[in-house]
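Hi,

Here's the structure I said I'd send over. Have a look first, and my notes are underneath.

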Amino acid sequence: MRIWLDGGLRDLDSARVSVFDHGLTVGDGIFETVKALDGRTFALTRHLDRLTRSARGLGLPDPDHDEVREACAAVLEANPMPLGRLRITYTGGHGPLGSDRGEHGPTLVVAVGETARRPDSTSVITVPWTRNERGALTGLKTTSYAENVVALARAHQHGASEALFGNTVGQLCEGTGSNVFVVLDGEIHTPPVASGCLPGITRALVAEWTGAKETDLPLDVLQRADEVFLTSTLRDVQAVHRVDDREPAGAPGPVTAKAMRIFDERAGDDLDP
Ligand SMILES: Cc1ncc(COP(=O)(O)O)c(C=O)c1O
C-alpha cells in the first residue's frame, strides 16, 4: 500500500504523522471519501469543493486542489483495485495539546482501501442520540466522527448496517455516513440541509436527477413511509428493507428501484457530474 503524505507517495510503513497532530489530539480535521472505479474517481470536483467548504468552516487554509488531485491520481495508480474507497484527510497539523491550533500548517493524507459493492438493500435502526442542527460543525465533514462510531456500533449490534439520527427538534436528519430519503404517496422526500445533515454529494445528485423534494419530516415518518432509501458515496442509492422492527413492503420498492436505475445510468454517463 502506497500513501500520499506531505507532498509525496510513501510506503505504508514510513507514512508517519506526528503524535501531536491536531487531527489526532482533538479531531481538528476534515475528510472526503471518494469512490474510485478501476482507478477512476467519481464526482471528484464536488468532493474537492466540499473539502474546501469544510476547511473554511473549521478555519483551515484552503486545500490546494491541484495537489489533492495529483495525490489522488498517484495513490490510485500505485494501488490498482476494481472498487476503491479513496480517503482524503486534511488536518490542523502538528499543534499544541489543547484546542488552540499550531502554526505548522495542515497535514494532507490520501489513502485508498479496497471495498466491495454494497448489497442492493439493507436494514437500519434509529438511535436516541441527536444531530445538532445548530452546532459549529454542522454540515461540515470533519474527522470528529466518534458519535458516528458509537451509533454505527449500535446498528451492528442490532444486525443493521446504518443508524439514523433525528435532530434536536425531533426531525429526521441522516445516518452515520449516509443521507436518508423516504417515499410518501409516490413522491421522494429528503430532509433539508437545515435539519443538520451533511450536504451529501450523492444526495444532491439524486435530488437533481429524480426531482426529490427537500422536506422537514418528523423522525417517525420512517414508521409510515412507503419506501425508505439511503444515499452515500459507497452505497449509491440503497433500498432499506427494515427500519427498527418495521419492514416496508418489498424493498427496493418501485420508486426506489427507479431511483437506483436513474443513478446508475447518469453516474455511468459522467464520472464527474
Ligand atoms: C454524516 C454523513 N452524512 C451523509 C453522507 C453521505 O454523503 P456523500 O453522498 O457525499 O458520501 C456521509 C458520507 O459519507 C456522511 O458522513
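**Strand 3 and the core around it**

Strand 3 and strand 4 (residues 40-41) run antiparallel and are joined by 2 bridges. One thing to keep in mind while you read: this is a predicted model.

In that strand 3 and strand 4 pairing, leucine 37 has arginine 40 in strand 4 as its bridge partner. The hairpin has 2 residues between the strands, and aspartate 38 in it takes a positive phi near 45 degrees.

Strand 3 also pairs with strand 5: the two run antiparallel, with 9 bridges joining them. Here valine 34 stands opposite leucine 86 of strand 5. How buried is strand 3? The count is 8 of its 9 residues, so the rest of the structure largely encloses it.

Now the packing. The largest nonpolar core has 24 residues, and the ones touching the most other members are Leu86, Ile88 and Val110. At least two residues each come from strand 3 (29-37), helix 2 (44-58), helix 3 (65-78), strand 5 (83-91) and strand 6 (107-114). Helix 3 gives the largest share, 6 residues.

If you want one residue to click on, try leucine 86. Setting aside neighbours within four places in sequence, leucine 86 is in contact with Glu32, Thr33, Val34, Thr41, Cys72, Val75, Leu76, Val110, Ala111 and Val112. So Val34 turns up twice for leucine 86, as a contact and as the residue standing opposite in the strand pairing.

There's also a second, separate core of 16 residues, with Phe42, Val183, Met260 and Phe263 among them.

Cheers

Technical notes. Residues numbered from 1 in each chain as written. Predicted model: local features only at pLDDT ≥ 70, side-chain atom pairs only at ≥ 80, totals over all residues. Heavy atoms only, no water. Core = buried A, V, L, I, M, F, W, Y, C linked by side-chain atoms within 4.5 Å. Buried < 20%, exposed > 50% of the residue type's maximum accessible area, 1.4 Å probe, protein only. Helix = DSSP H or I, 4+ residues; strand = E, 2+ residues; numbered from the N terminus. Contact = heavy atoms within 4.5 Å. Pairing = 2+ DSSP bridges.
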